[in-house]
Amino acid sequence: MQAFTTLNGLVAPLDRANVDTDAIIPKQFLKSIKRSGFGPNAFDEWRYLDHGEPGMDNSVRPLNPDFVLNQPRFQGASVLLTRENFGCGSSREHAPWALLDYGFRAIIAPSFADIFFNNCFKNGILPIRMDAAIVDELFREVAANEGYRLTIDLEKQTVTTPSGRSIAFDVDAHRKYCLLNGFDDIGLTLRHVDEIRAFEAKYRIEQPWLFNQ
């Protein structure tokens, strides 16, 4: 998993509350478990004017000009600004896979659905909870300033605006440690690979009959 330390990223504003995981990545795209290749179908039903299916050439599909992520000023955004209860609905891990593959490394919202929130940390995305009033201010600043970027420092737990304003955010210490070091659950386990191998070798000696099958 890619570590997250600091990010200076262009902000894209998705001004919708209760965005569910089927909107983030529709159900017809859940057949793959490769974790990659979902970016072109992130927000598929809002992003394109036709109905998307796996295997389609997304480069020739008609884009919805009214959808925020299709606007030229937000191309290359790596910070998603959105509203409350983001990531609700089903628990599909494909949702953070799609957002990460699209290019988002951080999401700022007043609140997140619990399972989606956990899945973000496990896949290298930093979800940041902020007071709704601050989120409102950020939406206004993004609308008024083309090329609006935020600097996010996970170690310091701060979000810094172009004006220099520093906004603190909370993050669980264990999740912070894992994200700073790029550890998912497998990565955490592999820190103890030598101990695991030593245990397995000892177990084979002490109970060899279990392995003679």
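**Strand pairing and crossovers in the predicted model**

Strand β3 (residues 106–109) is covered on both faces, with Ala106 and Ile108 buried on one side and Ile107 and Ala109 buried on the other. The description given here refers to a predicted model.

On one hand, β3 is joined to β2 by 3 bridges, and the two strands run parallel. Within this pairing, alanine 106 of β3 is the bridge partner of valine 79. The connection from β2 to β3 passes through helix α3 (residues 94–102), forming a β-α-β crossover that is right-handed.

Strand β3 also pairs with strand β4 (residues 126–129), again in the parallel sense, over 4 bridges. Here alanine 106 lies opposite leucine 126 of β4. Alanine 106 thus takes part in both pairings, facing valine 79 and leucine 126. Between β3 and β4 the chain passes through helix α4 (residues 114–122), and this β-α-β crossover is likewise right-handed.

Strand β2 (residues 79–82) is in turn paired with β1 in the parallel sense, through 4 bridges. Valine 11 has valine 79 of β2 as its bridge partner, and valine 79 is itself partnered with alanine 106 in β3.

Strand β1 (residues 6–14) is mostly covered, 7 of its 9 residues being buried. In addition to its parallel pairing with β2, β1 is joined by 5 bridges to strand β5 (residues 149–153), and these two strands run antiparallel. In this antiparallel pairing, glycine 9 stands opposite leucine 150 of β5.

Technical notes. Residues numbered from 1 in each chain as written. Predicted model: local features only at pLDDT ≥ 70, side-chain atom pairs only at ≥ 80, totals over all residues. Heavy atoms only, no water. Buried < 20%, exposed > 50% of the residue type's maximum accessible area, 1.4 Å probe, protein only. Pairing = 2+ DSSP bridges. Right-handed = clockwise from strand over helix to strand, strands pointing away.
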